[in-house]
Amino acid sequence: MVLYREKIKWVFILELFSEKLILISLFIFIIHSIDTLAYAVRLSGARVKLLASALSLFNLMVIVSRMANMMQQPFTGSLIDNAPKVDTLVFVEHQYRVIIGSSTLGTIMGILLLPTFISLFSRAIIHLSDERGSIPALIKKGFTIEFIKRGVKHIHLPSLTYLKDIRFKDIPIRLFVINMLITAIYTIGVLSALFASLLAPERASTSIMASGLINGIATILLTIFIDPKISILADDVINQRGSYTNLKGVSLMMVVSRLFGTILAQLLFIPGAEYIAWFTKFIV
């Protein structure tokens with residue numbers, strides 16, 4: 001009997017970590033790495049005093065990550081279609097928690113690469129200005145052997161010296177918490193909506209369509225509460241009204257709050273799905 005239970009357990013694990021789940025998790029990992037690295041663009045723009053050019057590069061990264069996040073819906077939805085008919089809720093919940101975990105790992109990777117990409121983006125912004133704002137020309141130049149060799153020289157891991165002179169008591173806690181909450185909502189928006197379709201199968205279509213609304217609200221909140229604050233700090237650095245160290249400290253705070261947000265998403269995943277399932281009662 002014990003051997004039979006162990007066999008069932010291993011079959012469950014093998015089915016759980018399917019090739020599709022691994023590919024989706026890798027996709028989410030890359031999305032959250034890009035989202036995290038986007039914070040390096042403003043730092044780079046303030047560093048080379050070309051904030052307008054930096055924002056065009058920042059907007060490109062944000063659009064790519066937002067588009068990719070929307071694309072995950074059909075792929076994560078297919079996990080429900082391929083789930084076993086027995087214990088479907090438990091099976092899908094485990095798979096979706098793996099995906100949320102990959103967002104945490106992606107954010108950690110983005111944090112580790114932040115110093116490297118600040119250097120790379122600083123040079124990319126200068127070249128973007130030289131190319132008169134042509135993103136395709138910048139991408140074409142970036143993939144040449146010469147520029148790849150130059151880029152490799154700027155790869156370095158973060159160190160404690162990077163935190164030198166940063167005063168953590170000046171970091172706005174309110175902004176930290178808001179960014180953490182918005183990140184958590186953005187992380188589970190699609191997943192909670194899809195899981196809600198299992199909790200309320202009679203309103204499955206309504207639940208699934210709610211994901212676009214949730215992510216849209218999260219994006220609007222980021223635009224209202226987060227982006228203007230960082231942009232103003234970057235402007236102050238360029239206009240010599242603020243310090244680059246302060247901007248760097250706030251930017252580091254933001255990426256750490258993103259990390260905590262992806263961890264908080266694990267706690268909010270099921271309550272979020274239950275809320276969506278409940279809310280759809282008033283729509284249908």
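**Figure 1. Contacts of Thr-280 in the predicted model.** Leaving aside neighbours within four places in sequence, Thr-280 is in contact with Arg-203, Thr-206 and Ser-207. The model shown here and in the other views is predicted. Thr-280 sits in the segment after H10. Its relative accessible area is 1%. Thr-280 therefore counts as buried, since the cut-off is under 20%.

**Figure 2. The chain as a whole.** The fold comes to ten helices and zero strands. Along the sequence the pattern reads α-α-α-α-α-α-α-α-α-α. The chain has 284 residues, and 44% of them are buried. Contacts between residues at least 6 apart in sequence were sorted by separation: 84% join residues at least 24 apart. The exposed surface of the chain is about 15400 Å². Carbon and sulfur atoms supply 70% of that area.

**Figure 3. Helix H2.** H2 spans residues 19–37. The helix has 19 residues. From first C-alpha to last, H2 reaches 27 Å, close to the 27 Å expected at 1.5 Å a residue. Its buried residues include Leu-21, Ile-24, Ser-25, Ile-28, Ile-31 and His-32. Ser-33, Asp-35, Thr-36 and Leu-37 of H2 are buried too. An α-helix has 3.6 residues a turn, so positions three or four places apart point the same way. Two of the buried residues of H2, Ile-28 and His-32, also line the largest cavity.

**Figure 4. The largest cavity.** Rolling a probe the size of a water molecule over the atoms shows where empty space is left. The structure holds one cavity of 30 Å³ or more. The volume of the largest cavity is about 40 Å³. Its lining consists of Ile-28, His-32, Asn-69, Gln-72, Ile-99, Ile-100, Ser-103, Thr-187 and Leu-191. H2, H4 (51–81), H5 (88–130) and H8 (173–199) are the elements that give two or more residues to this lining. H5 gives the most, with three residues. By class, the lining of the cavity has four nonpolar and five polar residues. No charged residue lines the cavity.

**Figure 5. The largest pocket.** The largest pocket has a volume of about 970 Å³. It is lined by 30 residues, of which Phe-117, Leu-120, Phe-121, Ala-124 and Gly-142 are the closest to its centre. H2, H4, H5, H6 (135–142) and H7 (145–152) each supply at least two lining residues. H5 again gives the most, here with nine residues. The lining of this pocket divides into 21 nonpolar, six polar and three charged residues.

**Figure 6. The second largest pocket.** The volume of the second largest pocket is about 380 Å³. Of its 17 lining residues, Ile-185, Ile-214, Gly-272, Tyr-275 and Ile-276 are the closest to the centre. The elements that give two or more residues to the lining are H8, H9 (204–238) and H10 (244–279). H9 gives the most, with six residues. Twelve of the lining residues are nonpolar and five are polar. This pocket has no charged residue in its lining.

Methods:
Residues are numbered from 1 along each chain as its sequence is written. This is a predicted model: local features need pLDDT of at least 70, side-chain atom pairs count only at pLDDT 80 or more; totals for chains, interfaces and linings use all residues. Side-chain values use heavy atoms; hydrogens and water are left out. On a 1 Å grid over the protein atoms alone, a cavity is a set of points where a 1.4 Å probe fits but cannot get out, and a pocket is an open set with protein on both sides within 12 Å along at least five of seven lines; lining residues have an atom within 4 Å of a point. Grid points are joined across faces, edges and corners, and a volume is the space filled by probe spheres set on the points. Helices (H or I, at least four residues) and strands (E, at least two) are DSSP runs, numbered from the N terminus. Ala, Val, Leu, Ile, Met, Phe, Trp, Tyr, Cys and Pro count as nonpolar, Asp, Glu, Lys and Arg as charged, and the others, Gly among them, as polar. Buried means under 20% relative accessible area, exposed over 50%, partly exposed in between (1.4 Å probe, protein chains only). Contact means heavy atoms within 4.5 Å. Accessible areas come from the Shrake-Rupley method with a 1.4 Å probe; for residues, only the protein chains shown count as cover. The expected span of a helix is 1.5 Å times one less than its number of residues.
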